[in-house]
Amino acid sequence: MKILSSLFFLFSFFIGVANPIPPAGYKTGDVAADFKLKSVDGKTYSMSDYKDAKGFIVVFTCNHCPFAKKYEDRINDLAKKYKSKGYILLAINPNDPTVQPEDSFDLMKVRAKEKGFAFPYLFDEGQKVYPQYGATKTPHAFLLDKNRVVKYIGAIDDNVDSAADVKEKYLENAIAAVESGKTPSPENTKAIGCGIKYKK
């Protein structure tokens, strides 16, 4: 019964009000376009703002999704750990707040303050950026090198429920590979999370 309940929980969040056809988006090896998005701190951010960055960790996430909530602390830790190594983490909320009110810009400000986010928490107003990337879930991670070449796409790690029980740190392993001049393996994993909410 517990397993059935868990499966129903997962299914109910996966189907959500999400894009019926996932956007094609970027593949590894593609060069990602820059963006300019407003953040909860009142500023706007672009990757071009970081002239000396060695790379970028772009994570599509949000306030309401239970999967995104389970990763908030891990995302925060990644931002702190890799900033000193030259990798900038930019988190983007792709959801339309008219569909999911918990993901409004005002509530993004509240959540960022509550959790002490150490990264820009950006709002994809008009939902123009996430289709370019091909993001389909929250969270969904993309690793870019300093030239904005996409090196890794997918999950942050292999355990949604417990950071302590993670066996494969996909995103961190990809960063280590890029640091060593190697191709990440795997380059792609399946992102697990809630479907992105869009206005029909």
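**Group meeting: rings, cores and odd backbone spots**

Okay, let's start with the rings: the count of aromatic pairs here comes to 10. Take Y26 and Y133 as the example. Their ring centres are 5.0 Å apart and the planes sit at 80°, so we call this one edge-to-face. Where are the two in the chain? Y26 is in the loop between helix 1 (2-15) and strand 1 (37-39), while Y133 belongs to helix 4 (residues 129-133), so the pair ties together parts that are 107 residues apart in sequence. Y26 and Y133 are both buried, too. And they have company: ring pairs link Y26, F35, F60, Y133 and F142 into a cluster.

Before I go on, keep in mind that this is a predicted model.

While we're on rings, two charged side chains are worth a look. K38 lies over the face of F105, 4.3 Å from the ring centre. Then there's R74, whose charged end sits over the ring of Y71, at 4.0 Å from the centre.

Right, on to the cores. As a general point, nonpolar side chains in soluble globular proteins tend to be buried together. In this model the largest nonpolar core has 33 residues, and the members touching the most other members are I57, L89, F119, Y121, L143 and L171. Which elements build it? At least two residues each come from strand 3 (55-60), helix 2 (66-83), strand 4 (87-93), helix 3 (105-115), strand 5 (121-123), strand 7 (140-145) and helix 5 (170-179). Helix 2 gives the most, with 7 residues.

Let me zoom in on F119. If you skip its neighbours within four places in sequence, F119 is in contact with I75, N76, A79, L89 and A91. There's also a second, separate core: 24 residues, including F35, I88, L122 and Y130.

Now strand 7, which I'd like to spend a minute on. How many of its 6 residues are buried? The count is 6 of the 6, so strand 7 is largely enclosed by the rest of the structure. H140, F142 and L144 point one way from the strand, and A141, L143 and D145 point the other way. Yes, the buried set takes in H140 and D145 as well.

What does strand 7 pair with? On one hand there's strand 3, running antiparallel to strand 7 and joined to it by 6 bridges. In that pairing I57 stands opposite L143, and I57 and L143 are both among the core residues I listed a moment ago. On the other hand there's strand 8 (150-154), which pairs with strand 7 in the antiparallel sense over 4 bridges. There, L144 has V150 as its bridge partner.

The hairpin of strand 7 and strand 8 has 4 residues between the strands, and one residue to look at is R148, with a positive phi near 65°. R148 is not a glycine. It's partly exposed, with a relative accessible area of 25%.

That brings me to the backbone oddities. In general, most residues other than glycine have a negative phi, and most peptide bonds are trans. Besides R148, we have Q127, also not a glycine, with a positive phi of about 50°. Q127 lies in the loop between strand 5 and helix 4. Is Q127 buried or exposed? Buried: its relative accessible area is 16%, and the cut-off for buried is under 20%.

Then the cis peptide bonds. One joins T138 and P139, with omega at about 5°. P139 is in the loop between strand 6 (137-138) and strand 7. Another runs from S185 to P186, with omega near 5°, and P186 lies in the loop between helix 5 and strand 9 (194-195).

Last stop, helix 5. Which of its residues are buried? Those are L171, E172, A174, I175, A177 and V178. As for what covers them, the list includes strand 3, helix 2, strand 4, strand 7 and strand 8. After the helix comes G181, with a positive phi near 75°.

If you're opening the model afterwards, here are some places to click on: the edge-to-face pair of Y26 and Y133, the contacts around F119, and the hairpin with R148. That's it from me, happy to take questions.

Notes: Residues are numbered from 1 along each chain as its sequence is written. This is a predicted model: local features need pLDDT of at least 70, side-chain atom pairs count only at pLDDT 80 or more; totals for chains, interfaces and linings use all residues. Side-chain values use heavy atoms; hydrogens and water are left out. A nonpolar core is a set of buried Ala, Val, Leu, Ile, Met, Phe, Trp, Tyr and Cys residues joined through side-chain atoms within 4.5 Å. Buried means under 20% relative accessible area, exposed over 50%, partly exposed in between (1.4 Å probe, protein chains only). Contact means heavy atoms within 4.5 Å. Rings of Phe, Tyr and Trp (its six-membered ring) pair if their centres lie within 6.5 Å; planes under 30 degrees apart count as stacked, over 60 as edge-to-face and the rest as tilted. A charge sits over a ring if NZ of Lys or CZ of Arg is within 6 Å of the ring centre and within 35 degrees of the ring normal. Two strands pair if DSSP finds at least two bridges between them.
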